[in-house]
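Let's take a friendly walk through a protein model. Have a look at the fold before you read on.

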Amino acid sequence: MRVVLAEDLFLLRDGLVRLLEAYDFEIAAAVESGPELTRALAELQPDVAVVDVRLPPTHTDEGLQCALQARRERPGLPVLVLSQHVEQLYARELLADGSGGVGYLLKDRVFDAEQFVDAVQRVAGGGTAMDPQVIQQLLSRRAADDRPLAHLTPREREVLELMAQGRSNTAIAGQLVVTERAIAKHTSNIFTKLGLEVSDDDNRRVLAVLAYLDRDH
């Protein structure tokens with residue numbers, strides 16, 4: 001799996017390169033600025049891009065904007081964004097086209113190599129990998145006056161949050177220590193209460209939930 005990595009801090013960039021190579025990823029390019037990222041994505045056609053939000057020359061949202069532009073030119077390009085903070089606008093921009101292959105992780109909340117590698121693989125496979133704090137912000141944005149969300153049971157809300165992070169039914173069942181059948185029932189109830197179309201495809205289900213959380217009231 002070929003990766004283009006963009007991170008302006010040398011030690012972090014070098015560490016990510018070594019980590020990904022240890023898990024048999026091929027680093028097509030490791031760059032430190034927005035212009036370099038734009039060229040690498042256009043010329044190298046990677047399987048996935050791992051991108052820091054803030055890159056030179058502006059140190060604002062250069063990395064994110066380069067990645068979004070690359071997705072417009074190559075629809076479906078998998079992009080995993082790394083950020084220091086929860087920025088709801090960044091998450092909304094990533095989710096705006098309604099397709100998979102996107103992720104948003106907070107740097108200081110990636111606690112082990114396997115968690116990070118799993119996120120890269122999930123995004124590269126067309127899935128999603130969203131930090132729980134990002135999901136919490138999307139939920140809190142709607143929760144105040146969203147009647148369907150208010151009708152969810154505590155367990156259904158827990159399943160909803162894990163689903164929105166990009167977890168499959170199997171993964172959710174393992175984390176909550178229940179059967180997949182129980183999760184499937186909770187999922188069906190959630191979709192009914194939110195007025196969403198039920199799907200057996202994990203990615204479509206996750207995207208439907210994220211679209212619901214992200215849309216305007």
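The sections below cover the sheet, two helices and an annotated region.

## The sheet

Keep in mind that this is a predicted model. Its open sheet has 6 strands, paired in parallel and arranged in the order S2-S1-S3-S4-S5-S6. Strand S2 (26-31) and strand S6 (128-130) are at the edges; each has a single partner strand, so one side of each has no neighbour in the sheet. On average, neighbouring strands of this sheet are turned by 15 degrees against each other, direction ignored.

For a closer look at one pair, find strand S3 (residues 48-52) and strand S4 (residues 79-83), which run parallel and are joined by 4 bridges. Asp52 has Leu82 in S4 as its bridge partner.

## Helices and the sheet

Helix H1 (residues 10-22) lies across strand S1 (2-6), S2 and S4. Relative to S2, helix H1 runs at about 175 degrees.

Now turn to helix H2 (residues 34-44), where Gly34, Leu37, Ala40 and Leu41 are buried. These residues are on the same side of H2, because they cover an arc of only 125 degrees around the axis. What covers them? The buried residues of H2 are covered by elements including S1, S2, S3 and helix H3 (62-73). Just after H2 comes Gln45, with a positive phi of about 50 degrees.

## The annotated region

An unreviewed UniProt entry lists residues 2-122 as "domain: Response regulatory". In the model, the span of residues 2-122 is 45% helix and 21% strand, and its end C-alpha atoms lie 14 Å apart.

Terms used
Residues numbered from 1 in each chain as written. Predicted model: local features only at pLDDT ≥ 70, side-chain atom pairs only at ≥ 80, totals over all residues. Heavy atoms only, no water. Pairing = 2+ DSSP bridges. Helix = DSSP H or I, 4+ residues; strand = E, 2+ residues; numbered from the N terminus. Axes fitted to C-alpha atoms, helices over the stretch in contact; angles between N-to-C directions. Contact = heavy atoms within 4.5 Å. UniProt positions renumbered as here; feature names shortened; annotations may be inferred. Buried < 20%, exposed > 50% of the residue type's maximum accessible area, 1.4 Å probe, protein only. Arc of directions from axis to C-beta.
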